[in-house]
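Okay, thanks everyone, let me get the viewer up. I'll walk through one protein today and mostly talk about how its pieces pack.

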Amino acid sequence: MADGSDFYASSLNEGVIASLHGVIQDASRHAGGYEDLIRHLELACAAFETERAKRHSLVFRETRGALSTRQLALAKHVLAEMAFSSHVSARAAQALSMSTGHFSRLFKASTGLSVHQWVIDLRMDRAKTLLLENCDPIAEIALCCGYTEQCHFTRTFTREVGVSPGSWRRMFTALPCE
């Protein structure tokens, strides 16, 4: 077909097959010597139905368990917009009209990261930028990155980056922040 759509998924072909089923039923009632033709038409219709079912299940298997490109882009946009607030996963799931659990499974299958880890990575990137660009206290940077307590931010930063936020700032900036 010119538009690249699948031959087996075409509604025109499904209509043709439905018509053939009708013709076969009519012909089988008035079989006057056409038994072989009727049998071949029945086999052709059965083969078409089987092939269509296989292709449908193949497409389903390929897309099952992952977000579409559009859904993933929307999810990342919502997560990025709300990464510094609470209940991010629930809000992204709501934007995609999914349950939080289902969204989380599909997001991980699509990105290889859990929603939580993806948000942490985003927050850590923001924290690194803020640590380099200004001399704000670490407690303020923690708040800007969505953490309500500095100790939680420091623990997470140290686990993800390998050094504390203060040490990281001292290693990578020439700002006299003391």
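So let's start with a crossing: α3 passes α6 in a right-handed crossing. The residues that make the contact are K76, L79 and A80 on the α3 side, and V115, W118, V119 and L122 on the α6 side. By character that's 6 nonpolar, no polar and 1 charged. For the geometry people, the two axes come within 10 Å and cross at roughly 55 degrees. An angle of 65 to 115 degrees would count as roughly perpendicular and one under 35 as roughly parallel, so α3 and α6 end up oblique to each other.

Before I go on, the caveat: this is a predicted model. Everything I quote is computed from it.

Now the overview. How many helices and strands does the protein have? There are 9 helices and 0 strands, so reading from the N terminus you just get α-α-α-α-α-α-α-α-α. Buried residues make up 26% of the 178 residues. And if you take the contacts with a separation of 6 or more, 54% of them are between residues 24 or more positions apart.

Back to α3, with a second partner. The axes of α3 and α5 come within 11 Å and cross at roughly 105 degrees, which makes α3 roughly perpendicular to α5. Here L72, A75, K76 and L79 from α3 meet F103, F107, S110 and T111 from α5. This contact divides into 5 nonpolar, 2 polar and 1 charged. Keep an eye on K76 and L79: they take part in the contact with α5, and they also turn up in the contact with α6.

Then there's α4 against α5. Those axes come within 9 Å and cross at roughly 90 degrees, so α4 is roughly perpendicular to α5. From α4 you have S89, A90, A92 and A93, and they meet T100, F103 and S104 of α5. The count for this one is 4 nonpolar, 3 polar and no charged.

One of those serines deserves a closer look. S89 is in helix α4, and is S89 buried or exposed? It's buried, because its relative accessible area is 17% and the cut-off for buried is under 20%. Leaving aside neighbours within four places in sequence, S89 is in contact with L79, T100, F103, S104 and V115.

Okay, cores. As general background, nonpolar side chains tend to be buried together in soluble globular proteins. In this model, the largest nonpolar core has 17 residues, and L67, L79, F103 and F107 touch the most other members. Which helices each supply at least two residues of this core? They're α3, α4, α5 and α6, and α3 gives the most, with 4 residues.

F103 is a nice place to sit in the viewer. Skipping neighbours within four places in sequence, F103 has contacts with L67, A75, L79, S89, A92, A93, L96, M98 and V115. Apart from that core lies another one, of 13 residues, with M124, L130, L131 and A142 among them.

L96 and M98 come up again at Q71. Q71 is in helix α3, and it touches L96 and M98, again not counting residues up to four places away in sequence. With a relative accessible area of 17%, Q71 is buried.

What sits in the loop between α4 and α5? Among other things, S97 does, and at 71% relative accessibility S97 counts as exposed. Now look at its backbone. Most residues other than glycine have a negative phi. S97, though, has a phi near 55 degrees, so a positive value in a residue other than glycine.

Last stop is C144, in helix α7, which covers residues 138–144. C144 is partly exposed, with a relative accessible area of 40%. Not counting residues up to four places away in sequence, C144 touches F84, R126 and L130. C144 and R126 are 18 residues apart in sequence, but 8.6 Å apart C-alpha to C-alpha. And L130, which C144 touches, is one of the members of that 13-residue core.

That's my tour, so let's open it up for discussion.

Note on methods: Residues numbered from 1 in each chain as written. Predicted model: local features only at pLDDT ≥ 70, side-chain atom pairs only at ≥ 80, totals over all residues. Heavy atoms only, no water. Buried < 20%, exposed > 50% of the residue type's maximum accessible area, 1.4 Å probe, protein only. Contact = heavy atoms within 4.5 Å. Axes fitted to C-alpha atoms, helices over the stretch in contact; angles between N-to-C directions. Parallel < 35°, antiparallel > 145°, perpendicular 65-115°, else oblique. Left-handed = near helix turned anticlockwise from the far one by under 90°. Nonpolar A, V, L, I, M, F, W, Y, C, P; charged D, E, K, R; others polar. Core = buried A, V, L, I, M, F, W, Y, C linked by side-chain atoms within 4.5 Å.
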